[in-house]
Amino acid sequence: MGLRVRYFGQLQEITGKKEESLTGVFGTIGNLRAHLIRCYPGLEKIHFKIAQDNTIDIDSSEVNGTLIDLLPPFSGG
Amino acid sequence: MKENIKNIFVEGAISPTKIATSIAHHQSKTNIGAHAIFLGQVRADQIEGKTVHAIDYSAQTEIANQVCHEIREAAFSKFDLSCMHIYHSLGTVKSGEVCFFVFVSSAHRKPVFESLTAIVNEIKAKVPVFGKEIFEDQSHQWKVNQ
């Protein structure tokens, strides 16, 4: 099943993309994180959270959503 | 429960008129005896000889609104509050303009002072909003919260 991956804030500059579609079996969020860092080595320098289907998730969770968001450090207010 | 989730975001700066109107709306709520307001304003920081001219805010709005909803519910259960309003800017806010508005009301002062600090700190830490600091020469850097 395809994943829609969106990049937020400075992660758009690092990847050069706002979003993209990914196909493949990643297993866990942690594996997906490792895959994305291999694709975009600049991501390694930034601490980012991963959300699936609009909920921030931990690396040990299964990838079972369709919408993946990469969120850099928060700086609101 | 999704229907209860409010949208905290407003496009551009939060105007003093909006803040004044929000205060005025509470005049009919005569059980309230105390309001506390936090206003976040964009600072013209000097960084390596360049001055911040504006902050361009973006957000993952679905998660941001959900997390704000949870912060709001937790504050209502912990503190004796009559009402609470939270607004944050999206898009460009110039230095000197207001980008963040939190307004809590109660019968007495103690709950509003205590809850306001907690709510503002929680929002800064947990809500996925991203600030891009734009300098006068249009270069930029990504804001880091202290």
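What covers the buried residues of α3(B)? In this predicted model, the cover includes four elements of chain B, namely β2 (34-41), α2 (61-78), β5 (83-94) and β6 (98-106). To see what is being covered, we can begin with the helix itself, which spans residues 109-126 of chain B and has 18 residues. From its first C-alpha to its last, α3(B) reaches 26 Å, close to the 26 Å expected at 1.5 Å a residue. Its buried residues are B:Pro111, B:Val112, B:Ser115, B:Leu116, B:Ile119, B:Val120 and B:Ile123. A general point about helices helps in reading such a list: an α-helix has 3.6 residues a turn, so residues three or four places apart point the same way.

One of the elements that cover the helix, β5(B), deserves a careful look of its own. This strand is mostly covered, since nine of its 12 residues are buried. On looking for its partners, we find that strand β1 (residues 9-11) of chain B pairs with β5(B) in the parallel sense, over three bridges, and that B:Phe9 stands opposite B:His88 of β5(B). Strand β4 (residues 50-59) of chain B, by contrast, runs antiparallel to β5(B) and is joined to it by four bridges, with B:Tyr57 standing opposite B:Gly91. A further antiparallel pairing links β5(B) to β6(B), this time through six bridges, and here B:Tyr87 stands opposite B:Phe101 in β6(B). These two strands form a hairpin with three residues between them, in which B:Gly96 takes a positive phi near 90 degrees.

Within β5 of chain B we also find B:His88. Is this residue buried or exposed? Because the cut-off for a buried residue is under 20% relative accessible area, B:His88, at 1% relative accessibility, counts as buried. Its contacts, leaving aside residues up to four places away in sequence, include B:Ile8, B:Phe9, B:Val10, B:Tyr57 and B:Phe100 in chain B, together with A:Gly76 and A:Gly77 in chain A. The side chain of B:His88 reaches the backbone nitrogen of A:Gly77 at 2.7 Å, and this contact leads us from chain B to its meeting with chain A.

Across that interface, 23 residues of chain B are in contact with 17 residues of chain A. The two chains bury about 1,500 Å² between them, and 58% of this area is on carbon and sulfur atoms. In chain B, the residues that lose the most area to chain A are B:Ile63, B:Phe130 and B:Trp142, which together account for 38% of what that side buries. How many salt bridges does the rule find across the interface of chain B and chain A? The rule finds zero salt bridges there, whereas it does find 12 residue pairs in polar contact, both residues of each pair being at pLDDT 80 or more. The elements of chain B that give two or more residues to the side touching chain A are β4, α2, β6, α3, β7 (129-135) and β8 (140-142), and β7(B) gives the most, with four residues.

Finally, we can turn to chain A, where A:Arg33 has its place in helix α2 (residues 29-39). At 17% relative accessibility, A:Arg33 counts as buried, because the limit lies at 20%. Not counting residues up to four places away in sequence, A:Arg33 touches A:Phe48, A:Lys49, A:Ile50 and A:Asp59.

Notes: Residues numbered from 1 in each chain as written. Chains lettered and ligands numbered in written order. Predicted model: local features only at pLDDT ≥ 70, side-chain atom pairs only at ≥ 80, totals over all residues. Heavy atoms only, no water. Buried < 20%, exposed > 50% of the residue type's maximum accessible area, 1.4 Å probe, protein only. Contact = heavy atoms within 4.5 Å. Expected span 1.5 Å × (residues − 1). Pairing = 2+ DSSP bridges. Buried area = accessible area lost by both parts, 1.4 Å probe. Salt bridge = Lys/Arg side-chain N within 4 Å of Asp/Glu carboxyl O. Polar contact = N/O pair within 3.5 Å; in protein donor to acceptor, adjacent residues only side chain to side chain.
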